[in-house]
Amino acid sequence: MIIATYNINSINRRLPLLLQWLEQRKPDIVCLQELKVNQSSFPEEPLKAAGYNAIWKGQQTWNGVAILARNREIQELRTTLPGEEDDSQSRYIEAIIDQMIIGCIYLPNGNPYPGPKFDYKLRWFERLRKHACFLYEYDVPVILAGDFNVMPTELDVYKPQKYINNALYRPESREAFEEILKQGWTDAVRKLHPSTPEYSFWDYMRNAFARDAGLRLDFFLLSPHIAQRLKKSGVDREIRAAEGSSDHAPVWIEIK
DNA sequence: ATGGCGGTTAGCAACCGA
């Protein structure tokens, strides 16, 4: 079984590439972020024709998250992260698929640091920490997948010294991620590949992809039930290399 | 410091986000 996460940077802009990738990789479950589409303009029909059921939480212009499942039922559990009732940003959606809880995450970028956006990022991290704790203690199979907008270690950044005051690499952000991991979650890709970067994002600027000036921003956090079933993982760089790509590549894991 | 990309608004460029 293959589960993937992909920050798609506008789903309608990227639809042909998305359909091509779905056809090639054939993931069973996909978490998408940065849909950049309002709730009524999500391309439900083309995805249905490709064999994928979908749930989504859209938003005009920014953010937006979705979960796709191939030939499977999706039972939506929630479309917001608890803790801030007036939060209008679409950054979380959660479902039950095949008796697993799948949480799709688009964590705030938080730049510039310091400032209100960084404060919002840290508040969001704290809300996620609490909700992750709740899910973990539920003692059911859980996968939290998505763009966490953080590089937890030096290995996850092509040039760490450039990012000292970047919201994605600030100690506060890295510590917040570590706090969640410490609950007992497994960082699936790092577990399988402890010493290679496994970047998932390359800036559009300055020829970053060709230089492999990348960041690892997209993660799978696995509860113990799922972690023991983990087989392999990969980053689909050829999709990032394609004409008109997102600035992220799809990342996937295979579980037994 | 610069700069690339997508989306939106107000219109054919300027901004915002990241």
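Beyond its neighbours within four places in sequence, Asp236 touches Trp21, Arg25, Ala249, Pro250 and Trp252. This residue of the predicted model makes a good starting point for a first look. Asp236 sits in the loop that links strand E13 (230-235) with helix H8 (237-241). Its relative accessibility is 3%, and Asp236 therefore counts as buried, the cut-off being under 20%. One of its contacts, Trp21, comes from a distant part of the sequence: Asp236 and Trp21 are 215 residues apart along the chain, yet their C-alpha atoms are 9.0 Å apart in space.

From this one loop, the view can widen to the whole chain. Contacts between distant positions account for much of the picture in chain A: of the contacts with a separation of 6 or more, 69% join residues 24 or more positions apart. Chain A contains 8 helices and 14 strands. Its radius of gyration is 17 Å, which agrees with the value near 18 Å that a compact globule of 256 residues would have. Taken along the principal axes, the C-alpha atoms fill a box of roughly 45 × 45 × 40 Å.

Among the strands, six build an open sheet with mixed pairing, in the order E5-E6-E7-E8-E12-E9. Strand E5 (75-78) and strand E9 (186-187) form the edges, each pairing on one side only. In general, the strands of a sheet pair through backbone hydrogen bonds, in either a parallel or an antiparallel sense. Both senses can be followed at strand E7 (residues 100-106). Towards strand E6 (residues 92-97), the pairing of E7 is antiparallel and spans 6 bridges; here Glu94 stands opposite Gly103 in E7. Towards E8, strand E7 runs parallel, again with 6 bridges, and Ile102 faces Ile143 in E8. Strand E8 (residues 142-147) is itself mostly covered, with 6 of its 6 residues buried.

What share of the 256 residues in chain A is buried? Buried residues make up 56% of them, and the residues of strand E8 and Asp236 are included in that group. As for the outside, the accessible surface of chain A comes to about 11,300 Å², and carbon and sulfur atoms contribute 48% of that area. Charged side chains complete the overview: chain A carries 33 positive and 34 negative ones, and the centres of the two sets lie 4 Å apart.

Definitions and conventions. Residues numbered from 1 in each chain as written. Chains lettered and ligands numbered in written order. Predicted model: local features only at pLDDT ≥ 70, side-chain atom pairs only at ≥ 80, totals over all residues. Heavy atoms only, no water. Helix = DSSP H or I, 4+ residues; strand = E, 2+ residues; numbered from the N terminus. Rg over C-alpha atoms; globule rule 2.2 N^0.38 Å. Buried < 20%, exposed > 50% of the residue type's maximum accessible area, 1.4 Å probe, protein only. Contact = heavy atoms within 4.5 Å. Areas by Shrake-Rupley, 256 points an atom, 1.4 Å probe, with all protein chains shown as cover. Lys, Arg positive; Asp, Glu negative; His and termini not counted. Charge placed at Lys NZ, Arg CZ, Asp CG, Glu CD. Pairing = 2+ DSSP bridges.
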